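Student: I have just opened this structure and would like to get to know it. Please pick a single part and take me through it closely, step by step.

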Amino acid sequence: MASEELAQKLQRRLQLEESGAEGDGGAAPAPAPASSAGEEERGSLTGSAGAELSAKLARRHDINEGAAQPRLAAVFNPYTEFKEFSRRQIKDMERMFRLYDSGRDGYIDLMELKLMMEKLGAPQTHLGLKNMIKEVDEDFDGKLSFREFLLIFHKAAAGELEEDSGLLTLAKLSEIDVSIEGVKGAKNFFEAKVQALSSASKFEAEIKAEQDERKREEEERKHRRAAFRELKSAFTQ
């Protein structure tokens with residue numbers, strides 16, 4: 001009886017081993033799809049890299065042929081781009097821009113412009129404020145960068161703003177005189193541009209004056225420190 005029971009167990013074990021072997025045999029080819037999937041992924045990455053390289057080569061070809069579209073620089077130099085204004089004027093404009101850029105993000109948005117116009121004594125409607133931004137909003141982001149802020153005074157000096165324009169009101173009330181000093185009272189803006197281009201020597205003189213002023217202030221600080229040391233040594237003797 002025991003031997004029959006043992007024989008049944010052995011037979012059962014043998015059947016289980018055989019069925020397991022068959023399962024393994026059937027599952028053996030399974031890794032092939034994984035390999036195929038890996039090849040597809042590598043092919044996709046290679047194709048993406050190839051497309052990026054092709055785009056760069058096409059861009060380079062357009063540049064060489066002179067057909068490439070210009071890309072706007074992220075940084076600009078206000079002193080070279082807006083030559084009709086003096087360094088002092090641009091610094092005054094920058095000071096005003098920073099005063100109303102309460103978010104300190106480098107832009108004047110609609111609410112900050114609203115506050116500016118109220119402080120200047122010329123409040124505007126919501127639509128009026130949107131139209132003001134729209135007149136100089138070159139990148140269509142709905143707010144004013146410092147360059148776009150300078151464009152307000154550029155257009156005001158060039159006579160390109162309507163009399164009822166909120167931007168012209170802003171320029172007039174800003175206490176930054178661009179009508180006389182900025183364009184030297186020229187009747188025609190293009191004449192003013194010619195005069196501005198010939199003012200490079202004045203621009204350099206302003207830079208030198210600023211440097212001389214800093215040197216003078218540094219010399220005064222040195223003299224004050226020396227006088228303080230002499231006074232201190234007289235009391236300690």
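Tutor: Happy to! Let me begin with the outside: the protein exposes about 17300 Å², and carbon and sulfur atoms supply 55% of that area. Please keep in mind that this is a predicted model. Of the 237 residues in the protein, 25% are buried. The protein has 10 helices and 2 strands, and from the N terminus on they run α-α-α-α-β-α-α-β-α-α-α-α. If we take the contacts between residues at least 6 apart in sequence, 53% of them join residues at least 24 apart.

The part I would choose is helix 8, which covers residues 166–173. Let us visit its packing partners one by one. Two packed helices are described by the angle between their axes and the distance between the axes, so those are the values to look for each time.

We can start with helix 7, residues 146–158: its axis comes within 9 Å of the axis of helix 8, and the two cross at roughly 90°. Angles of 65 to 115 degrees count as roughly perpendicular, and helix 7 and helix 8 are therefore roughly perpendicular to each other. On the helix 7 side, the contact is made by Phe149, Ile152, Phe153 and Ala156, and helix 8 brings Leu167, Leu168, Leu170 and Ala171. What classes do the residues of this contact fall into? There are 8 nonpolar residues, with no polar and no charged ones.

Next comes helix 6, residues 126–136, which packs on helix 8 at an angle of about 85°, with the axes 8 Å apart. Helix 6 and helix 8 are therefore roughly perpendicular to each other as well. Here Met132, Glu135 and Val136 of helix 6 meet Gly166, Leu167 and Leu170 of helix 8. By class, this contact of helix 6 with helix 8 has 4 nonpolar, 1 polar and 1 charged residues.

The remaining partner on our tour is helix 5, residues 110–119: it packs with helix 8 at an angle of about 55°, and their axes are 10 Å apart. Helix 5 and helix 8 are therefore oblique to each other, and their crossing is left-handed. Leu113, Met116 and Met117 of helix 5 make this contact with Gly166, Thr169 and Leu170 of helix 8. Sorted by class, the contact of helix 5 with helix 8 holds 4 nonpolar and 2 polar residues, and no charged ones. Leu170 is worth highlighting on your screen, as it takes part in the contacts with helix 7, with helix 6 and with helix 5.

While we are at helix 5, look at Leu110, which is found in this helix. Is Leu110 buried or exposed? Its relative accessible area is 18%, and buried means under 20%, so Leu110 is buried. Not counting residues up to four places away in sequence, Leu110 touches His126, Leu129, Lys130 and Ile133. Leu110 is also 8.6 Å from Leu144, C-alpha to C-alpha, although 34 residues separate them in sequence.

Finally, follow the chain past helix 6, into the loop between helix 6 and strand 2 (144–145), where Phe140 is found. Phe140 is exposed, with a relative accessible area of 74%. Its phi is near 55°, a positive value in a residue other than glycine.

Key. Residues are numbered from 1 along each chain as its sequence is written. This is a predicted model: local features need pLDDT of at least 70, side-chain atom pairs count only at pLDDT 80 or more; totals for chains, interfaces and linings use all residues. Side-chain values use heavy atoms; hydrogens and water are left out. Axes are lines fitted to C-alpha atoms, for helices over the stretch in contact, and angles run from 0 to 180 degrees between N-to-C directions. Helices (H or I, at least four residues) and strands (E, at least two) are DSSP runs, numbered from the N terminus. Angles under 35 degrees count as roughly parallel, over 145 as roughly antiparallel, 65 to 115 as roughly perpendicular and the rest as oblique. A crossing is left-handed if the near helix is turned anticlockwise from the far one by less than a right angle, and right-handed if clockwise. Contact means heavy atoms within 4.5 Å. Ala, Val, Leu, Ile, Met, Phe, Trp, Tyr, Cys and Pro count as nonpolar, Asp, Glu, Lys and Arg as charged, and the others, Gly among them, as polar. Buried means under 20% relative accessible area, exposed over 50%, partly exposed in between (1.4 Å probe, protein chains only). Accessible areas come from the Shrake-Rupley method with a 1.4 Å probe; for residues, only the protein chains shown count as cover.
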